[in-house]
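Work through the exercises below with the sequence and the structure at hand. Each task is followed by a solution in steps.

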Amino acid sequence: MTDKSRGSHRATPRATRRRFLAAAFGAGAAVALAKIGNGISFAEETASDVTTEVAAAGGTLVIPELAAKTDDNGVSVFALKAGTGTDTSLVSGTTLKTAGYNGTYLGPTIRVSDGEQVRFDVTNQLGADTTVHWHGLHIAPSNDGGPQNVIADGETWSPATTINQGEACTLWYHPHGLGNTADQVALGLAGMLIVDDGSAANAALPTAYGADDVPVIMQSMGVLSSGSFVTTNAGFTASGTTLKFLVNGASATDETPTLEVAAGRVRLRLLNASLVDSITVARSDGATVTQVASDAGLLAAPIEVSGLRITPGERAEIVLDLQTGTTVTLRATARSSTNGARYTVSMLEVTGTGTDTPAALPATLNTIDALDTTGAAARTFTFANSGNTFTINGVAGTSVTAMTNNMIMTTLGATEVWTLVNSSTTIYHNFHVHDVPFQVVSIGGAAPTGANLGWRDTIELPPSTTVVIRLKFTDYADSTFMYMLHCHNLIHEDDGMMLGLMVV
Ligand code: C2O
Ligand code: CU
């Protein structure tokens, strides 16, 4: 009932998989209107919607569809319907409630170009309030999708904007309500958002979506013995919890997905859409991989890395050169917020079938000029917790009132230097700010290296470590709508580790 077109997904198993996540998370048995532990109620599923399929049958990597766009007088319109579903294949014997955009788990990939006029028509069919935030997108606060943009059940929210990113980058979208972000992302509400620009460097990298330019949405998830996704810290370690590493919604824990690439080079857009876990990605043969982009844009130059540690909310782009017949296996290690390794899986097996030899990568991918911080205002944000209350500068941002009363106020055009202090000696946090990307000044007193020299919008804050960043507030101001800054461990965020940020 959340997806009237689902019938067409059943034409053949292959076609079904190509319709993306309906395959990995086919609908299960009929469920009555129910309210589950995380407070979201689900509308009724009808028996005629039932399909049961095996996650990533055949092992082929599930690739989210590209979101269809329609033209409305020069405006590209993307329709997203947030709806519910069920899955019976992830944990045998368990009917999991799920949610997705235009399907039953995750959402289509939205691909836009810098300068494009767009509108997102987001319809809520979840049976509960939701919001949709465009993580990393430079957009006005009134369109940012935070707790002030609640979409009531049955309603459509239609933010319109001109893509004004100035960078080719890999972003994503997900709910951002107060206290229910982890719950809703856990159900499957997340999708990738790709911004292209006209740069020669971006064009020199693979750009054929699904062929040699491939999204890899990684999620370290848990399923409670009681049959729902884990949405609390305790849930991950509770007895009977099944941990699963999902790649584009299918379980790599059960079967390593395979990807055949009919070209000599593939670009992988890695997104960590986990609630809590950092993920370290490396080749299983120990060889290096080439990273070309951090979170918020192409790096100045390609770098060779032995592995990438990607924190929740963060993205990275890598390229692999593949001679015909070469198979590269990527391994992922998921780590809890106290850095205990939960598990390692082979998350993707990439095989080259093409015969072309890729040209050398451009020596220069991007020009990143240091922001001028002469006279810049300085602020310090201290990340701490006492039990399950998580705070920034002592404030738990768990309500609009708490956020309003402790608003960080800045002005359009200001450049600022922020000192981010993780005062915990054991817990990893990370930092994400809306509106504009930042540059790293130092990490633990040391100058940044590698991908930390690129634009970022999310960065890990290891225990007892101070990270200094600089950022400049351009283009958008509003005296009613706020942006946010927070830890992107979604459980910490829901438990208060978030402040409002207003640019006036
Ligand atoms: Cu990905 Cu404020 O969020
Ligand atoms: Cu945190």
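Helices, of at least four residues, and strands, of at least two, are DSSP runs numbered from the N terminus. The model used here is predicted.

**Exercise 1. Overall make-up**

Task: State how many helices and strands the protein has, and what share of its residues count as buried.

Solution:
- Step 1. The secondary structure consists of seven helices and 34 strands.
- Step 2. A residue is buried when its relative accessible area is under 20%. Of the 504 residues, 59% count as buried.
- Step 3. The protein exposes about 17100 Å², and carbon and sulfur atoms supply 50% of this area.
- Step 4. Take the contacts between residues at least 6 apart in sequence: 75% of these join residues at least 24 apart.

**Exercise 2. The copper ion**

Task: Find which protein atoms are donors of the copper ion (ligand 2), and give the spacing of the donors along the chain.

Solution:
- Step 1. A donor here is an N, O or S atom within 2.8 Å of the metal.
- Step 2. His429 (ND1), Cys487 (SG) and His492 (ND1) are the protein donors of the copper ion (ligand 2), at 2.0 to 2.1 Å from it.
- Step 3. Along the chain, the donors of the copper ion (ligand 2) follow the spacing H-x57-C-x4-H.
- Step 4. Apply the cut-off for burial to two of the donor residues. Cysteine 487 has 0% relative accessibility, so it counts as buried. Histidine 492 is buried as well, because its relative accessibility is 1%.

**Exercise 3. Cysteines and disulfides**

Task: Count the disulfides, and decide whether cysteine 169 is buried or exposed.

Solution:
- Step 1. A disulfide needs a pair of cysteine sulfur atoms within 2.5 Å. By this rule there are zero disulfides.
- Step 2. Cysteine 169 has a relative accessibility of 1% and therefore counts as buried.

**Exercise 4. Positive phi angles**

Task: Describe the phi angle of leucine 106 and that of aspartate 435, and place each residue in the chain.

Solution:
- Step 1. Most residues other than glycine have a negative phi.
- Step 2. Leucine 106 is not a glycine, yet its phi is positive, at about 55°. Leucine 106 lies in the loop between strand E5 (96-101) and strand E6 (110-113). With a relative accessible area of 0%, leucine 106 is buried.
- Step 3. Aspartate 435, also a residue other than glycine, has a positive phi near 85°. The loop that holds aspartate 435 runs between strand E29 (429-433) and strand E30 (438-443). Aspartate 435 counts as buried, because its relative accessibility is 4%.

**Exercise 5. The sheet that contains E25 and E28**

Task: Give the strand order of the open sheet that includes E25 and E28, then follow its pairings.

Solution:
- Step 1. Five strands form this open sheet in the order E26-E25-E28-E32-E30, and the pairing is mixed.
- Step 2. Strand E26 (389-392) and E30 are at the edges with a single partner strand each, so one side of each has no neighbour in the sheet. From one strand to the next, the twist averages 20°.
- Step 3. Strand E25 (residues 377-386) pairs with strand E28 (residues 415-422) in the parallel sense, over seven bridges. One bridge joins phenylalanine 383 to asparagine 422 in E28.
- Step 4. E28 and strand E32 (residues 466-472) run antiparallel and are joined by seven bridges. Here tryptophan 418 stands opposite isoleucine 469 in E32.
- Step 5. E30 also pairs with E32 in the antiparallel sense, over five bridges. The bridge partner of serine 442 is valine 468 in E32.

**Exercise 6. A second sheet**

Task: Find which strands are at the edges of the open sheet that contains E18 and E23, and describe the surroundings of threonine 351.

Solution:
- Step 1. The order of this five-stranded open sheet is E16-E24-E23-E18-E21, with mixed pairing.
- Step 2. Strand E16 (258-261) and strand E21 (308-310) are the edges: each has a single partner strand, so one side of each is left without a neighbour in the sheet. The twist averages 25° from one strand to the next.
- Step 3. Strand E18 (residues 278-283) and strand E23 (residues 327-335) run antiparallel, joined by six bridges. Isoleucine 279 is opposite alanine 334 in E23.
- Step 4. Threonine 351 belongs to strand E24 (residues 341-352). Leaving aside residues up to four places away in sequence, threonine 351 touches Leu259, Glu260, Val261, Thr326 and Thr327.
- Step 5. Threonine 351 and alanine 262 are 89 residues apart along the chain, and their C-alpha atoms are separated by 8.6 Å.

Methods: Residues are numbered from 1 along each chain as its sequence is written. Chains are lettered from A and ligands numbered from 1 in the order in which they are written. This is a predicted model: local features need pLDDT of at least 70, side-chain atom pairs count only at pLDDT 80 or more; totals for chains, interfaces and linings use all residues. Side-chain values use heavy atoms; hydrogens and water are left out. Buried means under 20% relative accessible area, exposed over 50%, partly exposed in between (1.4 Å probe, protein chains only). Donors are N, O and S atoms within 2.8 Å of the metal (3.2 Å for Na, K and Ca); water is not among the atoms, so sites may look incomplete. Two strands pair if DSSP finds at least two bridges between them. Axes are lines fitted to C-alpha atoms, for helices over the stretch in contact, and angles run from 0 to 180 degrees between N-to-C directions. Contact means heavy atoms within 4.5 Å. Accessible areas come from the Shrake-Rupley method with a 1.4 Å probe; for residues, only the protein chains shown count as cover.
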